[in-house]
Amino acid sequence: MTAQKPIASPCINVCAVDGRSGLCTGCGRRLKEIAGWSGMSEAERRAVMAELPDRILSLGPKAAAPMLAVARIKSALGA
């Protein structure tokens with residue numbers, strides 16, 4: 001059995017939080033998720049990652065680089 005590589009952070013180095021939604025405009029995570037990322041289990045990270053594409057798209061024009069972020073997320077999930 002091969003160990004899976006840990007899920008990489010979805011960070012795209014655009015770190016700005018939208019005041020209305022509380023989401024990072026780069027990756028779509030909430031501050032609590034960003035701060036706790038390294039302490040999350042793989043299942044917790046995977047659950048957050050599954051929500052990120054919809055979160056990023058919900059930001060509309062506030063999203064910094066939605067195509068880049070979604071591509072990084074899909075790559076990290078192996079999709």
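Student: Let's start with one residue: is Asn 13 buried or exposed?

Tutor: Please keep in mind that this is a predicted model. Asn 13 belongs to the segment before α1, the helix of residues 31–36. Its relative accessible area is 69%, and the cut-off for exposed is over 50%, so Asn 13 is exposed.

Student: What is the phi of Asn 13?

Tutor: Most residues other than glycine have a negative phi. Asn 13 is not a glycine, yet its phi is positive, at about 65 degrees.

Student: Stepping back, what pattern does the protein chain follow along its sequence?

Tutor: The chain has 3 helices and 0 strands. Read along the sequence, the pattern is therefore written with helices alone, as α-α-α.

Student: What is the radius of gyration of the protein chain, and what would a compact globule have?

Tutor: Along the principal axes, the C-alpha atoms fill a box of roughly 45 × 25 × 20 Å. For 79 residues, a compact globule would have a radius of gyration near 12 Å. The protein chain agrees with that, at 12 Å.

Student: What percentage of the residues is buried?

Tutor: A residue counts as buried when its relative accessible area is under 20%. Of the 79 residues in the protein chain, the buried ones make up 33%.

Student: How are α2 and α3 oriented to each other: roughly parallel or roughly antiparallel?

Tutor: Two packed helices are described by the angle between their axes and the distance between the axes. Helix α2 covers residues 42–58 and helix α3 covers residues 66–77; their axes are 10 Å apart and the angle is about 155 degrees. Angles over 145 degrees count as roughly antiparallel. The two helices are therefore roughly antiparallel.

Student: Which residues make the contact between α2 and α3, and how do they divide into nonpolar, polar and charged?

Tutor: The crossing of these two helices is left-handed. On the α2 side, the contact is made by Arg 46, Met 49, Ala 50, Leu 52, Pro 53 and Ile 56, and on the α3 side by Pro 66, Ala 69, Val 70, Ile 73, Ala 76 and Leu 77. These residues divide into 11 nonpolar, no polar and 1 charged.

Student: Is Pro 66 exposed, partly exposed or buried?

Tutor: Pro 66 sits in helix α3. Between its C-alpha and that of Gly 28 there are 9.3 Å in space, and the two are 38 residues apart in sequence. The relative accessibility of Pro 66 is 25%, so Pro 66 counts as partly exposed.

Student: And Arg 45, which residues does it touch, leaving out those up to four places away in sequence?

Tutor: Arg 45 has its place in helix α2. At 10% relative accessibility, Arg 45 counts as buried. With residues up to four places away set aside, Arg 45 touches Pro 6, Ile 7, Trp 37, Ser 38 and Met 40.

Student: Is Ser 58 buried or exposed?

Tutor: Ser 58 is also placed in helix α2. From Ile 12 it is 46 residues away in sequence and 17 Å away in space, C-alpha to C-alpha. With a relative accessibility of 55%, Ser 58 counts as exposed.

Student: One last residue: how far apart in space are Ser 21 and Pro 10?

Tutor: Ser 21 is found in the segment before α1, and at 33% relative accessibility it counts as partly exposed. Ser 21 and Pro 10 are 11 residues apart in sequence, and their C-alpha atoms are separated in space by 18 Å.

Definitions and conventions
Residues numbered from 1 in each chain as written. Predicted model: local features only at pLDDT ≥ 70, side-chain atom pairs only at ≥ 80, totals over all residues. Heavy atoms only, no water. Axes fitted to C-alpha atoms, helices over the stretch in contact; angles between N-to-C directions. Helix = DSSP H or I, 4+ residues; strand = E, 2+ residues; numbered from the N terminus. Parallel < 35°, antiparallel > 145°, perpendicular 65-115°, else oblique. Left-handed = near helix turned anticlockwise from the far one by under 90°. Contact = heavy atoms within 4.5 Å. Nonpolar A, V, L, I, M, F, W, Y, C, P; charged D, E, K, R; others polar. Rg over C-alpha atoms; globule rule 2.2 N^0.38 Å. Buried < 20%, exposed > 50% of the residue type's maximum accessible area, 1.4 Å probe, protein only.
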